[in-house]
Amino acid sequence: MVSGVVAAGVLSGAGTAVADGRPQPEGGAAATINGLKTYGQAVIHEDGVDQQVAAGLFEMSVDGGGTLQTYCVDIHSPTQRDARYQETPWSSTSLGANKDAGRIRWILQNSYPQVNDLAALARRAGAGGLTEQDAAAGTQVAIWRYSDGAKVDAVDPQAEKLADYLEKSARNSAEPQASLTLDPPEVSGRPGALLGPVTVHTNAGGVTVVPPADAATSGVRIIDKTGKVIKSATDGSRLYFAVPKDAPAGSAQLTVQASTTVPVGRAFASESRSQTQILAGSSESTVSATAGATWAAKGAIPAVSARKNCAAQGVDVTATNKGDQPFTFRLMGAEHTIAAGASRTVTVPLQEDQAYDFTITGPNGFSRRFTGILDCKTQGALTTKSAQTLGEPSPATVGGNTNTTTSDTDLAATGGSAITPMIAGVAIGLVVIGGAVLVVLRRKETQTEE
């Protein structure tokens, strides 16, 4: 039976199953943002107000090795210091519902840093000359015009000419392939049978297959359809979990790893609601993905996975039952039953920016936990009079100077502070509480005088 209840805007699972679950991130590159590294200045025009912000390339450090360069695609959201990012499909971000997402990818493919011959880029744009800062600022401005529909201009005239050229020249380009994913991320079945297949999708020349951590004791092997143990694979390879026939009910997880350049145009999202980013350049970087398997001799044998679906404004929970009995669970107050041998997807509706944390449990100790935050829309409006990163000064304080580097502790970024509404709310609350206290004290003074 599944536990999943919405309370106070957060989906939360009940019971001890949470401790047994494992979050399921998307495959690919995982990275930490280091800050805005190469940038110029831009001005946002909105409701008669002009706001100066820094605009340019961010840098990220990839887990396991590698560096990424990105532009942001949410002009009014802040960039959180040291935020963790995960490569993710467009459908899980604001790009999924943006008809111009393909034009953004074209801009990335045809501008800095993919085009690092700045003299040639300047000639195409009709600009007299471009510095790296101009090129980064102009490219970011052109992206914002499509990602946010923003009225924004580059401060430097040459950067503005580049932005105009890129905006007018942009054509639709398809979403790039993931650097590495496994499909499906969960399988199930009976011991003694092959569980799978799990298909590898990657742009890497090859991937290393890491078997379950307890493979030596459990006897679980990762094989191909001929029964050969697989230690490496390529794009399109089909992997199977081979579980001993006498194995007790249980589960296992395999991991695939590779080193590759992440394709330009891949989206990167953060569960901290830090600005969504889109990839402009990648060094050779470490990427990975995981897939799980569950087995039992009888009864319901579920395989459950989840993925954000911005088009449906929610999270798709897909449950497959390879057992001989129905698998029944409750989610969002509704009961769902998956017949033996069937599969079904249930969409959990959420509000924008709503955090979720729910756990699906089943027989034989089965448990899967899913956590995250739904971030499917751009902020859409100015929220403060100065763009800033949380805890940092406004980029407007940088003035007319442009820099190629910033310190690791001083992120220059766009976007209003996400804590501004919280601060305002707390301040209003304190005012209300203070007023109530004064009223109570005055009443007590009146009673004392009487």
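## Exercises on a predicted model

Let us start with one residue: leaving out residues up to four places away in sequence, Leu239 touches Leu195, Gly196, Pro197, Val198, Val200, Val209, Ile222, Ile223, Ile230, Ala233, Leu254 and Val256, where a contact means heavy atoms within 4.5 Å. The model is predicted, so local features need pLDDT of at least 70 and side-chain atom pairs count only at pLDDT 80 or more, while totals for chains, interfaces and linings use all residues. Residues are numbered from 1 along each chain as its sequence is written, and side-chain values use heavy atoms, with hydrogens and water left out.

### Exercise 1: The cores

Find which residues touch the most other members of the largest nonpolar core.

Solution.
- Step 1. Begin with the term: a nonpolar core is a set of buried Ala, Val, Leu, Ile, Met, Phe, Trp, Tyr and Cys residues joined through side-chain atoms within 4.5 Å. Buried means under 20% relative accessible area, exposed over 50%, and partly exposed in between (1.4 Å probe, protein chains only).
- Step 2. The largest core has 85 residues, and Tyr71, Leu239, Phe241 and Val256 touch the most other members. Helix α4 (residues 132-147) gives the largest share of this core, eight residues.
- Step 3. There is also a second, separate core of 20 residues, with Ala319, Phe329, Phe366 and Phe370 among them.

### Exercise 2: Two helices

Describe how α4 and α5 are placed relative to each other.

Solution.
- Step 1. Helices (H or I, at least four residues) and strands (E, at least two) are DSSP runs, numbered from the N terminus.
- Step 2. Two packed helices are described by the angle between their axes and the distance between the axes. The axes are lines fitted to C-alpha atoms, for helices over the stretch in contact, and angles run from 0 to 180 degrees between N-to-C directions.
- Step 3. For α4 and α5 (residues 157-169), the axes come within 8 Å and cross at roughly 40°.
- Step 4. Angles under 35 degrees count as roughly parallel, over 145 as roughly antiparallel, 65 to 115 as roughly perpendicular and the rest as oblique. The two helices, α4 and α5, are therefore oblique to each other.
- Step 5. Look at the residues that meet: Ala135, Gly138 and Ala142 are among those in α4, and Ala159, Leu162 and Leu166 are among those in α5.
- Step 6. Now add helix α3 (residues 118-125), where Leu118, Ala120, Leu121, Ala122 and Ala125 are buried. The buried residues of α3 pack against α4 and α5. After α3 comes Gly126, with a positive phi near 70°.

### Exercise 3: Two open sheets

Work out which strands stand at the edges of the sheet β19-β20-β23.

Solution.
- Step 1. Two strands pair if DSSP finds at least two bridges between them.
- Step 2. The three strands form an open sheet in the order β19-β20-β23, with antiparallel pairing. β19 (302-309) and β23 (343-349) each have a single partner strand, so they stand at the edges and one side of each is left without a neighbour in the sheet. From one strand to the next, the twist averages 20°.
- Step 3. Eight bridges join β19 to β20 (residues 314-321) in the antiparallel sense, and Ser305 has Thr318 in β20 as its bridge partner.
- Step 4. Try the idea again on the open sheet of four strands, with the order β8-β10-β14-β12 and antiparallel pairing. Here β8 (180-183) and β12 (221-223) are the edge strands, each pairing on one side only.
- Step 5. β8 pairs with β10 (residues 194-202) over four bridges in the antiparallel sense, and Thr181 stands opposite His201 in β10.

### Exercise 4: Strand β11

State which residues of β11 lie on its covered face and which on its uncovered one.

Solution.
- Step 1. In β11 (residues 207-210), Val207 and Val209 form the covered face, whereas Thr208 and Val210 form the uncovered one.
- Step 2. β11 runs antiparallel to β13 (residues 232-233), joined by two bridges, and Thr208 has Ser232 as its bridge partner there.
- Step 3. β11 also runs antiparallel to β15 (residues 250-260), with three bridges, and in β15 the partner of Val210 is Thr255.

### Exercise 5: A glycine in a loop

Is Gly28 buried or exposed?

Solution.
- Step 1. Gly28 sits in the loop between α1 (17-20) and β3 (30-46).
- Step 2. Its relative accessible area is 4%, so Gly28 is buried.
- Step 3. Beyond its neighbours within four places in sequence, Gly28 is in contact with Gln86, Glu87, Ser179, Leu180, Val287 and Ser288.
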